[in-house]
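User: Please take a close look at a single part of this model, starting from its local backbone and surroundings. Then set that part in the context of the whole chain.

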Amino acid sequence: MAVLPILEYPDPRLRTVAEPITEFNDALQTQIDDMIETMYEENGVGLAATQVDFHYRLVVMDFSEERNEPIVFINPEFDVLDEEPNEFQEGCLSVPGFYEHIYRAAKVRVKALDRHGKPFEMDTDELMAVCVQHEIDHLDGKLMVDYLSPLKRNRIKTKLQKAQKKRA
Ligand code: NI
């Protein structure tokens with residue numbers, strides 16, 4: 001397994017719309033394991049393939065205390081179960097250091113395939129519902145900063161670009 005580099009805003013590759021996965025081969029299993037390891041290494045609760053420059057519809061999450069219950073979502077989609085907007089302070093490994101209040105649907109039903117292509121459904125609320133919507137956004141080239149005012153978004157962009165330049 002390997003820890004993969006994470007793309008950071010405003011990297012234009014984060015705007016790529018990911019393709020559906022049709023083959024459940026060994027290469028995909030390796031990609032899934034690498035993403036799970038990367039998520040643990042970076043202390044994230046979720047990671048979308050887009051963030052590691054792999055532009056297929058794959059998301060991993062883990063909400064367990066012990067960090068040993070990964071959930072793999074392939075070609076995930078969701079239906080809103082509760083339209084009531086829920087405010088949550090979100091972070092993103094691609095927008096490091098920023099935690100912003102964002103409104104999303106409070107409850108969603110996610111439908112996806114598991115790592116072997118078997119379909120499953122889950123009803124989610126709280127953090128998991130937020131995470132499902134946040135990660136599926138990534139697969140569509142959307143980021144949490146898109147929900148903020150242009151002023152706030154630009155401020156974050158400038159700060160991150162500065163930090164990226166320093167590291168380069
Ligand atoms: Ni994110």
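**Aspartate 53 and its setting**

Analyst: Aspartate 53 has a relative accessible area of 36%, which lies between the cut-offs of 20% and 50%, so this residue counts as partly exposed. The model is a predicted one, and the values that follow are computed from it.

The backbone at aspartate 53 has a positive phi of about 65°, although the residue is not a glycine. Most residues other than glycine have a negative phi. Aspartate 53 sits in the loop that runs from β1 (46–48) to β2 (58–61).

Asparagine 75 is another non-glycine residue with a positive phi, here near 50°. Its setting is strand β3, residues 71–90. The relative accessibility of asparagine 75 is 19%, and because the limit for buried is under 20%, it counts as buried. Aspartate 53, by contrast, is partly exposed.

The strands on either side of the aspartate 53 loop also bear on helix α2. Both β1 and β2 belong to the cover over the buried residues of α2, which also includes β3, β4 (100–113) and β5 (119–124). Of the 14 residues in α2, 12 are buried, so the helix is largely enclosed by the rest of the structure. Among the buried ones are Met128, Val130, Cys131, His134, Glu135, Asp137 and Leu139. An α-helix has 3.6 residues a turn, so residues three or four places apart point the same way. The length of α2 fits a helix: at 1.5 Å a residue, residues 126–139 should span 20 Å, and the C-alpha atoms at the two ends are 21 Å apart, which agrees. After α2 comes glycine 141, where phi is positive and near 80°.

A further backbone feature lies in the segment before α1 (26–41), where proline 10 is found. The peptide bond between tyrosine 9 and proline 10 is cis, with omega about 5°. Most peptide bonds are trans. Tyr9 and Pro10 are also the contacts of lysine 157 once its neighbours within four places in sequence are left aside. Lysine 157 belongs to helix α3, residues 150–167, and is partly exposed at 30% relative accessibility. Between lysine 157 and lysine 107, which are 50 residues apart along the chain, the C-alpha separation is 30 Å.

For the chain as a whole, there are 3 helices and 5 strands, in the order α-β-β-β-β-β-α-α from the N terminus. The radius of gyration is 16 Å and the globule rule gives 15 Å for 168 residues, so the chain is as compact as a globular protein of that length. Along the principal axes, the C-alpha atoms fill a box of roughly 45 × 40 × 30 Å. Of the 168 residues, 43% count as buried. Contacts between residues 24 or more positions apart make up 66% of those with a separation of 6 or more.

The chain exposes about 9200 Å², of which carbon and sulfur atoms supply 49%. Its charged side chains number 20 positive and 32 negative, and the centres of these two sets are 10 Å apart.

To return to the part in question, aspartate 53 is a partly exposed residue with a positive phi in the loop between β1 and β2, and those two strands are among the elements that cover the buried residues of α2.

Definitions and conventions:
Residues are numbered from 1 along each chain as its sequence is written. This is a predicted model: local features need pLDDT of at least 70, side-chain atom pairs count only at pLDDT 80 or more; totals for chains, interfaces and linings use all residues. Side-chain values use heavy atoms; hydrogens and water are left out. Helices (H or I, at least four residues) and strands (E, at least two) are DSSP runs, numbered from the N terminus. Buried means under 20% relative accessible area, exposed over 50%, partly exposed in between (1.4 Å probe, protein chains only). The expected span of a helix is 1.5 Å times one less than its number of residues. Contact means heavy atoms within 4.5 Å. The radius of gyration is taken over C-alpha atoms; the globule rule is 2.2 Å times the number of residues to the power 0.38. Accessible areas come from the Shrake-Rupley method with a 1.4 Å probe; for residues, only the protein chains shown count as cover. Lys and Arg count as positive and Asp and Glu as negative; His and the chain ends are not counted. The place of a charge is taken as NZ of Lys, CZ of Arg, CG of Asp or CD of Glu.
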